[in-house]
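Work through the exercises below with the sequence and the 3D view at hand. Each task is followed by a stepwise solution.

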Amino acid sequence: MALPLILIIVLLVLYPALYSLHLATLNKGMERFVGFDNFTFLFSRETFWMVVKQSVVFAVTAVVFKALIGFCVAHFVHNVPVKGQRKWRGMLLVPWVIPPAMSTLAWLWLFDPSYSAFNWLLVKGGFEPIGWLGEVGWARFAVILVNVWVGAPFFMIMYLAALKSVPEQLYEAAAIDGANWWQKLWYITIPMMRNIIAITVLFSLIVTFANFDIVRVLTAGGPLDNTHVFATWAFKVGIEGSDLPLGASVSLFMFPILAIFAIFILRDITKRGAEN
Amino acid sequence: MAKVILRKVVKNYDDTPAVRGIDLEIADEEFVVLVGPSGCGKSTTLRMIAGLEDITAGDILIGEEVVNDVPPKDRDIAMVFQNYALYPHMTVYENMSFGLRLKKAPKAEIARRVENAARILDISELLERKPKQLSGGQRQRVAMGRAIVRDPKVFLFDEPLSNLDAKLRVQMRTEIKKVHQKVRTTTVYVTHDQVEAMTLADRVVVMNGGLIEQVGTPNDLYHFPATRFVAGFIGSPAMNFIPCKLEAAAGGLRVKLSEAIAFPVPANRVERYKAHLGAGKLLFGIRPEHLIEQRPHAEPDQHPFEVPLEVTEPMGMETLVHFLVEGTEVCGRVNPNAGALAGKPMKLVADLANMHLIDEASGRVL
């Protein structure tokens, strides 16, 4: 019964993973075994450490904002009368449903230095236009903004489902016990949602950390590699720079970092699962 | 410790009336049970007292204060919910102390009150557990503990026993009564179970269709129901209602149930019923326990009759017998040794001292 599944996993997961491990130990021409040379080379490069830092900052900032915005919007939708709720839910999901490569193109136009809507508004308002994707700070801000825009609806829908599963009577009991709305949020809603918050944050961290399309389309890593994350830099080094072994080594670095995130969060979930 | 007063309280959901103007005065330390079928407005009434529902019209007073616009947290009440509503992520101790912790009561005071309530309810060993690790009955106790700890003016119970199995329900019923005797707080208790209502209440409020049908002590409701609804709702098996004719007879009145069965009206009721001679349709109401087997020595006002039995149901301490009177099914309760047999005729007596005469159109007991 499980054989086809095992075959698929071996073919689509295990083989590429092992192959990239193998690749990472070859030289640029892929004809000689070089051991850990590719890794030691990476450690000596400033760009590598910049990519590590940028990937972490990008993923953590984006996930925090996605979670916060998703949480707030979920509360807003939860309190919309049932009649209008479907409409709101549908509309708010749109950013998540459009393929990011396409929606990022639209953002690319919005960020355009000369003709964009943003800069037009700024100039109208009497401000200096901003080189959104040309200045390091703004470019980093832009990739995070678009990632949040794409990803927040996922959090919204997960948190909305979690909110709906909190029994109304707990809030009534809390109201009688003397809790105001903030205390209800702090003592009831958040503890009741903790597992779902932990899981969504973990999954989103993994996906965001490995993000490729948004950064690739919006800045292609620029200006001067400053917005690169692991996946885009691995692509640049491996495919565009024709050094597949070095690209493979870069992409392999995502694994230990993600594994540490996963261990911490999953351990917390199983611990509380056992308590309950 | 406080009175609760409801004045002309109305609740509409959009255009659907749920409570249609009720007046009720609950004395300090009194245990009042609201009882009625689902949808009669009893839970809505309780939730309005709690402040969980707005009032469409009327006034609710707790103590001497009108609380119409006072939020639940400032009403100084405690409520026990049907499915307990314990906070699943908190221990029993945290659950019980939640209200006091929100009020920033001193730690020592909180501990003292929680331990005291735990002792009353016999849950001292459970304080460190989470609700999931408790049985249904234990959760119920914790929910009550959470109410007791707050030492509120009023306890509100919303069908607290309906999630328990039959045996536990009887046990917890006694427990609730004991707690009330110890804590003596004004209590409003909602249930659809008339046995619960009868056993717990100082006074029972029977509700139907958003209105109060009758308020009275359990015995009052049982022996002197004001309406057909109350007569039918209180008591199990339910009271029999048989269409009848009121006729003048030698020296008094008689109720005629069929060509074969007619009972003389007890002398002390003749004056009361006289005015209804020849009035609209009437029902003869009698409880099953007042239709018994014929015994050697008849009491006054017991009148014999004979009917073929349709079904007999032996219950152990008694046997229920079912028979037809002019197409209406009637239930009686006889001694298990009286020899009741389905399909065979049996001599029964009706205890007319406990009969009721009901005006079918208005539903009033005459």
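**Exercise 1. Place B:Lys8, give its phi and classify its exposure.**

Step 1. B:Lys8 sits in strand S1 (residues 4-13) of chain B. Helices (H or I, at least four residues) and strands (E, at least two) are DSSP runs, numbered from the N terminus.
Step 2. Phi of B:Lys8 is near 50 degrees, a positive value in a residue other than glycine. Most residues other than glycine have a negative phi, and most peptide bonds are trans.
Step 3. B:Lys8 counts as exposed because its relative accessible area is 55%. The classes are buried under 20% relative accessible area, exposed over 50%, and partly exposed in between (1.4 Å probe, protein chains only).

A note on conventions: this is a predicted model, where local features need pLDDT of at least 70, side-chain atom pairs count only at pLDDT 80 or more, and totals for chains, interfaces and linings use all residues. Residues are numbered from 1 along each chain as its sequence is written, chains are lettered from A and ligands numbered from 1 in the order in which they are written, and side-chain values use heavy atoms, with hydrogens and water left out.

**Exercise 2. Is B:Glu159 buried or exposed?**

Step 1. Locate B:Glu159 in the loop between strand S7 (154-158) and helix H5 (166-183) of chain B.
Step 2. Read its backbone: phi is positive, about 45 degrees, although B:Glu159 is not a glycine.
Step 3. B:Glu159 is buried, because its relative accessible area is 11%.

**Exercise 3. Find where the cis peptide bond before B:Pro237 lies.**

Step 1. The bond joins B:Ser236 and B:Pro237, with omega about -5 degrees.
Step 2. B:Pro237 belongs to the loop between helix H8 (228-233) and strand S11 (240-249) of chain B.

**Exercise 4. Describe the surroundings of B:Val114.**

Step 1. B:Val114 is in helix H3 (residues 107-121) of chain B.
Step 2. Its relative accessibility is 0%, so B:Val114 counts as buried.
Step 3. Leaving out residues up to four places away in sequence, B:Val114 touches B:Tyr93, B:Met96, B:Ser97, B:Leu127 and B:Val149. Contact means heavy atoms within 4.5 Å.
Step 4. B:Ser162 is 48 residues from B:Val114 in sequence, and their C-alpha atoms are 26 Å apart.

**Exercise 5. How do helices H4 and H7 of chain A pack?**

Step 1. H4 (residues 82-97) and H7 (residues 136-164) of chain A pack at an angle of about 145 degrees, with axes 6 Å apart. Axes are lines fitted to C-alpha atoms, for helices over the stretch in contact, and angles run from 0 to 180 degrees between N-to-C directions.
Step 2. H4(A) contributes residues including A:Leu92, A:Leu93 and A:Trp96, while H7(A) contributes A:Trp149, A:Phe154 and A:Ile157, among others.
Step 3. The contact of H4(A) with H7(A) has 11 nonpolar, one polar and two charged residues. Ala, Val, Leu, Ile, Met, Phe, Trp, Tyr, Cys and Pro count as nonpolar, Asp, Glu, Lys and Arg as charged, and the others, Gly among them, as polar.

**Exercise 6. Profile the two chains.**

Step 1. Chain A has 13 helices and zero strands. Chain B has nine helices and 20 strands.
Step 2. Of the 276 residues in chain A, 42% are buried. For chain B the share is 52% of 366 residues.
Step 3. The C-alpha trace of chain A spans about 75 × 60 × 35 Å along its principal axes. The C-alpha atoms of chain B fill a box of roughly 80 × 45 × 35 Å.
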